[in-house]
Amino acid sequence: MGDLRRRVYLSPPDVGPAEREALVDAFDSGWIAPLGPHVEQFERSAASRTGRAAGAALSSGTAALHLALRLAGVGSGDRVHVSTLTFVATANAVRYRGAEPVFIDSAVGSWTLDPAALAEQLELDAQRGRLPAAVVAVDLYGQCADYSQIEPLCERYEVPLIEDAAESLGARVGNRPAGSFGHSAILSFNGNKIITTSGGGMLVADDTELVARARWLASQAREPVAHYEHQTVGYNYRLSNLLAGMGVAQLQGLDAKVQARRANYARYRSALEPEGIEFIDEPDGHFNTHWLTAVLVPESFGVSPETIREHLETYDIESRPVWKPLHLQPAFSDAQVVGGSVAEGLFHRGLCLPSGSNLSAEDRERVIAGIFEARDRSRAG
C-alpha cells in the first residue's frame, strides 16, 4: 500500500508559487480590507468564466446563496424547492430567509435534481395556487443539473431559478458554463473546492444592478453619505482583497485542475468499473469536472461502502459517504419531500474517493489497491 505516513486527503487545496505571489502582490498593494483592485479583478474574471455580466465576491458560498434568495424575493413563510442530495448549507440559507425548503429527489444516473419530480410538484403547486418563491438546483460533484428541462419549467411557472454551482465551476452543458443558468448563480471557494481562496464565494448574474445591490447588502447596506446611515439591514459578507488575489491566481489555473480531476475519474473508472463499481453518468452534452469522483458500491461487490471507507482510513486515506439527503437530516425532519428514494439509495451505496487535482498517481493507486484489499479481506473472512 505504499508509504503509510503520508495522508491522502479527499480534496485538499492545490496551491503553489503563483498563489503566494498573488497574496504578496495584494498585500503590497496596501488594500487589506474587503475592497480593492484584486477583488474587482476576481469578480470580473469569475463573471467572464461563468458567462455572466458581473459578480460579487463574498465571504462564502452560503453567503452568496443567502443573498441570491433575498434578491429573488424569497421571504418569511415562502417555500423554496431544493435538491435534497446536497450539503446542508443550501437548505440552511433558505431557513435564513424564514422560508421552508421542499426537497426534490435525484434523477437516476445523473444524481442531480430530477426534472420530472420538479415538474410534477410545480404542477401541483400551480393547481393549489401556491407556487414556490424560488427553485434552487444544485450541481453535484462537478456535474451541472439538467437545465435544458429545469430552466423551461421555471420560466413556464414564472419561478426564479437559482443555480447552486458551488461544486461545478469549470463544468458546462453544451456551450454554457456552470454558473450561467437561472436568475443568478452562486460559486464556492471553500478549501476543498476545485479552486479556493481558503474560504469565499461569489454571486454571479446577468443583471448588473442586482449584483451591485448584492455588494451593497454584503457591506452592511451603508447609504452613500458621509456619516454611517443604514435604512436596510445588511450583512458583513464581502471577501477580502488578500483572498481575492489568491482567487485570481487560482482561477487562472482552473483548466489544468479540471483536467487533473477528470484524469483521476478516468483512472478510477478503468480500474473499478470492470469489478462492478458504478459511476455517476455524464449525460450527453455535459462536461463534468469530477470535482469528486463518487461511486456506487453494489452488494455484489461483497463489501459495503462504509467498510471500504474504514479500511482506507487505516492506511491514512480519506474518503467520505455521498451526501446524506437533506430530508433525512434531523434539522429538516418536518420538511416536505418529493420522492426521496433515489437520493436515499445513492447515500446508502455511495462513496467519494480522493480526487484532488494534486493527487499523485502513486497515491491514486494506493486508493484503488485499498478498495480491492477491503473486498478481498471481506471475502476471506
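**Strand S12 and the largest pocket**

Phe 279 stands opposite Val 295 in strand S12. The model is a predicted one. This briefing covers the surroundings of S12 and then the largest pocket, which holds about 340 Å³ of space.

**Strand S12 and its partners**

- Strand S10, residues 278–279, pairs with S12 in the antiparallel sense over two bridges.
- S12 is also joined to strand S15, residues 350–353, by four bridges, and these two strands run antiparallel.
- Within S15, Leu 353 is the bridge partner of Thr 293.

**Burial of S12**

- In a regular strand, side chains alternate between the two faces of the sheet.
- S12, residues 293–296, is covered on both faces.
- Thr 293 and Val 295 are buried on one side, while Ala 294 and Leu 296 are buried on the other.
- Val 295, the residue opposite Phe 279, and Thr 293, the partner of Leu 353, thus lie on one side of S12.

**The largest pocket**

- The space in the largest pocket amounts to about 340 Å³.
- Its lining comprises 20 residues, of which Thr 62, Phe 87, Ala 89, Ser 188 and Lys 193 are the closest to the centre.
- Helix H3 (61–71), helix H4 (89–96) and strand S8 (184–188) are the elements that give two or more residues to this lining.
- The most is given by H3, with three residues.
- By residue class, the lining of the largest pocket divides into 10 polar, seven nonpolar and three charged residues.

Technical notes
Residues are numbered from 1 along each chain as its sequence is written. This is a predicted model: local features need pLDDT of at least 70, side-chain atom pairs count only at pLDDT 80 or more; totals for chains, interfaces and linings use all residues. Side-chain values use heavy atoms; hydrogens and water are left out. On a 1 Å grid over the protein atoms alone, a cavity is a set of points where a 1.4 Å probe fits but cannot get out, and a pocket is an open set with protein on both sides within 12 Å along at least five of seven lines; lining residues have an atom within 4 Å of a point. Grid points are joined across faces, edges and corners, and a volume is the space filled by probe spheres set on the points. Ala, Val, Leu, Ile, Met, Phe, Trp, Tyr, Cys and Pro count as nonpolar, Asp, Glu, Lys and Arg as charged, and the others, Gly among them, as polar. Buried means under 20% relative accessible area, exposed over 50%, partly exposed in between (1.4 Å probe, protein chains only). Two strands pair if DSSP finds at least two bridges between them.
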